[in-house]
Protein chains: 2
Amino acid sequence: MYVIDQKAPLDMPIPGLQHATWAGSDDGLEQMSVWRQTIAPGGATPPHRHDCEEIVLCSSGTGELHIDGQVHPFCAGQTVAVPRNVLHQIFAVGAQPMNLVAVLAATPVDVYLPDGQKLDLPWRS
Amino acid sequence: MYVIDQKAPLDMPIPGLQHATWAGSDDGLEQMSVWRQTIAPGGATPPHRHDCEEIVLCSSGTGELHIDGQVHPFCAGQTVAVPRNVLHQIFAVGAQPMNLVAVLAATPVDVYLPDGQKLDLPWRS
């Protein structure tokens, strides 16, 4: 399957986060997953890490990347690069939802919480 | 460097192709490169392959992915997934330029022409 329709992100059990998997292992990919997400104002990902790099392309809104107690602000027109195995959390700040595409260098993606527990993702990855 | 400004694609020695590297080894990445490209109507990439998957997010325009003599049309709102080491070529068709973001599961990316020669990319990857 070479050409895949891009689906709109849908509500997920994680509050304030909408998600659609645009490409991943279910599409025959072996090296990358593509996630399209919308984070509502005030919403955030859980703090987490994964054993692969993540690239976030922010297409609208304003966000913060939190790593090791440091806050890295970003907005539409910027790219966020998260190194592998670095604990991080992404917040949507400001009045508008934040829209992003995240590409992860693994598929499926194993995601871990700060206590080392594996996060049971509510979507295919 | 976690947050990187997205640059506008610029003319390159490959006719009809504008390019900007949005993220890659120069930014400290180890697993992925992100390329922002605009292909003019009638323009195309060279036929090529690389030892990593490529994901193309088409944001405007209409294109064709050519693989093994087969034509796979795509347009804005679709994602193209190219398996590793598969010879392919991307054409912009229609009247408008095609805008895309390509994510490759390597950095830097070694690109090879059909005869096996390494393509000397005119951009950092």
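Let me start where the chains join: strand β9 of chain A, residues 78-82, pairs with β1(B) in the antiparallel sense over three bridges. Strands here are DSSP runs of E, at least two residues long, as helices are runs of H or I of at least four, and both are numbered from the N terminus. Two strands count as paired if DSSP finds at least two bridges between them. In this pairing, Val80(A) stands opposite Val3(B).

A word on the source. The model is predicted, so local features need pLDDT of at least 70, side-chain atom pairs count only at pLDDT 80 or more, and totals for chains, interfaces and linings use all residues. Residues are numbered from 1 along each chain as its sequence is written, with chains lettered from A and ligands numbered from 1 in the order in which they are written.

Now the sheet around that junction. It is an open sheet of seven strands, in the order β2(A)-β3(A)-β4(A)-β11(A)-β6(A)-β9(A)-β1(B), and the pairing is antiparallel. Its edge strands, each pairing on one side only, are β2 of chain A, residues 10-11, and β1 of chain B, residues 3-5.

There is a second open sheet of seven strands, again with antiparallel pairing, and its order is β1(A)-β9(B)-β6(B)-β11(B)-β4(B)-β3(B)-β2(B). Here the edges are β1 of chain A and β2 of chain B, residues 10-11, each pairing on one side only.

Stay with β9(B) for a moment. On one side, three bridges join it to β1 of chain A, residues 3-5, and the two run antiparallel. Val3(A) has Val80(B) as its bridge partner, and Asp5(A) has Gln78(B). β9(B) is also joined to β6(B), by five bridges, antiparallel once more. In that pairing Glu54(B) stands opposite Val82(B), and Leu57(B) is partnered by Thr79(B).

Is β9(B) mostly covered or mostly open? Mostly covered: four of its five residues are buried. Buried means 20 or more other C-beta atoms within 10 Å of the residue's own, exposed means 12 or fewer, and partly exposed is in between, with C-beta atoms placed from the backbone.

Next, the symmetry. A turn of 180° with a shift of 0.0 Å along the axis lays chain B on chain A, at an RMSD of 0.0 Å. The two copies are thus related as by a two-fold rotation axis. The superposition is by least squares on the C-alpha atoms of residues with pLDDT of at least 70 in both copies. Which residue of chain B comes closest to the axis? That is Ala105(B), with its C-alpha at 3.3 Å.

As for the interface, 30 residues of chain B are in contact with 30 residues of chain A. Contact means that the C-beta atoms, placed from the backbone, lie within 7 Å. Several strands of chain B supply at least two residues each to the side that touches chain A, among them β3 (17-23), β6 (54-60) and β11 (98-104). β9(B) gives the most, with five residues. By type, that side of chain B divides into 20 nonpolar, six polar and four charged residues. Nonpolar covers Ala, Val, Leu, Ile, Met, Phe, Trp, Tyr, Cys and Pro; charged covers Asp, Glu, Lys and Arg; the others, Gly among them, are polar. Since 100% of the interface residues of chain B are also interface residues in chain A, the copies meet through the same surface.

Chain A by itself has twelve strands and zero helices. Its radius of gyration is 14 Å, close to the 14 Å that the globule rule gives for 125 residues, so chain A is as compact as a globular protein of that length. The radius is taken over C-alpha atoms, and the rule is 2.2 Å times the number of residues to the power 0.38. Of the 125 residues of chain A, 39% count as buried.

Last, some backbone details. Most residues other than glycine have a negative phi, and most peptide bonds are trans. The bond from Thr107(A) to Pro108(A) is cis, with omega near -5°, and Pro108(A) sits in the loop between β11 and β12 (111-112) of chain A. Asp68(A), not a glycine, has a positive phi of about 55°. Asp68(A) lies in the loop between β7 and β8 of chain A and counts as exposed, with 7 C-beta neighbours inside 10 Å.

Technical notes:
Contact = placed C-beta atoms within 7 Å.
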